[in-house]
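User: Please take a close look at one part of this protein, the place that its database record marks as the active site. I am in my first year, so explain each term as you use it.

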Amino acid sequence: MDNRDMADSVQFARMNGLGNKILVVDMRGRKDRVTPHAAIALNADPATEFDQIMAIHDPKAAGTDAWIDIINSDGTMAQACGNGTRCVVQALAAETGKKAFLFHTVAGLLEAKEHEDGTISVDMGSPRFGWNEIPLAEEFHDTRRIELQIGPIDDPVLHSPSVASMGNPHAIFWVDDDVWSYELDRFGPLLENHPIFPERANISIARVRSRDEMDLRTWERGAGLTLACGSAACAAAVSGARTGRTERTVTVNVPGGPLLIEWRERDDHVVMTGPAEWEWSGTVDPATGAFQRDAAAAGDSGARAL
Ligand SMILES: N[C@@H](CCC[C@H](N)C(=O)O)C(=O)O
């Protein structure tokens, strides 16, 4: 890659939130956006393959730290990304020394803070349960359990999911056995694109282990199978509480590890706590996706600014 190719590049970092593959791109000081073309090109390269891009832009409102665009690996936009938000917090905390942030996304304002032990909490806001808020294509009065199934009509493999919006649409299928015994890679795309979900949906399988613990696997809208989906963990936790399966505070074991989810009584907000990890940094052209990795410095590890 010569210098002319990279002349319009910005800093970025490859990070992950419990294995959810995140590219954090620094678009501050610029008016352009990361293009769908760049996202698709980055995802096509094994070095930069990702689940979501978190593009940090200048704030649009007083009192906020940044505007964040969330882009799925298929180039479409998402309204929420819990794991990616923790990655943004870790990068900005390493850069500024600040511990608390207020972000702005298409879904509204998000408060987040880094704790002394390095874990990060994100206030994901209030869940929504109205059929037209999720949205569903037809009216369902009770979204704790909707009519939807996959597999043979008289012996469905998955059926009757709870549905919820955490800014983005989620369906949670409850199962009694191992979440790994389901072919989520086969059923996920069919359910993501089912006509009941006019904006598609994130599809999860959940197994309740106790009143304060569940296992969860997720097929992400626009990204596919993931090791972790923070907003799905929040949707599963609130759906677990709403259906009487769990308490309001629950550990959600996603394939990448545990996330702690608390659905607060006092303000109805859902707070997700978990880690973030920096992997490497580089520069990327947000129009084309052409990128260059920085040379690794000895001892590179831990939290890093972009
Ligand atoms: N990985 C994210 C959620 C990603 C967004 C999703 N694919 C969508 O389109 O809604 C998370 O950690 O929440």
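Analyst: What follows goes from the listed residues to the ligand and then to the two domains. The model is predicted: local features need pLDDT of at least 70, side-chain atom pairs count only at pLDDT 80 or more, and totals for chains, interfaces and linings use all residues. Residues are numbered from 1 along each chain as its sequence is written.

Under "active site", the unreviewed UniProt entry lists C81 and C229. UniProt positions are given here in the numbering used for this model, feature names are shortened, and annotations may be inferred rather than shown by experiment. The two residues span 149 residues in sequence, yet their C-alpha atoms are no more than 7.5 Å apart, so they gather at one spot.

Take C81 to begin with. C81 sits in the loop between strand 5 (77-78) and helix 2 (82-96); helices (H or I, at least four residues) and strands (E, at least two) are DSSP runs, numbered from the N terminus. C81 is buried, with 33 other C-beta atoms within 10 Å. A residue is called buried if 20 or more other C-beta atoms lie within 10 Å of its own, exposed if 12 or fewer, and partly exposed in between, with C-beta atoms placed from the backbone. Apart from neighbours within four places in sequence, C81 is in contact with Q52, M54, I70, G230 and S231. Contact is defined by C-beta atoms, placed from the backbone, that lie within 7 Å.

C229 lies in the loop between strand 15 (224-225) and helix 4 (230-242). C229 is also buried, with 38 C-beta neighbours inside 10 Å. Leaving out residues up to four places away in sequence, C229 touches N20, N202, T218, E220 and V254.

Now the ligand. A shell of 19 residues surrounds the ligand, and the closest are A78, N83, N168, G230 and S231; a residue is near a molecule if its C-beta atom, placed from the backbone, lies within 6 Å of it. Helix 2 gives the largest share of this shell, three residues. The shell divides into five nonpolar, 11 polar and three charged residues. Here Ala, Val, Leu, Ile, Met, Phe, Trp, Tyr, Cys and Pro count as nonpolar, Asp, Glu, Lys and Arg as charged, and the others, Gly among them, as polar.

Domain 1 (10-125 + 276-293) and domain 2 (149-268) each give at least three residues to the shell; such bounds come from an automatic or database domain assignment. Between these domains, 19 residues of domain 1 are in contact with 20 residues of domain 2.

Note on methods
Contact = placed C-beta atoms within 7 Å.
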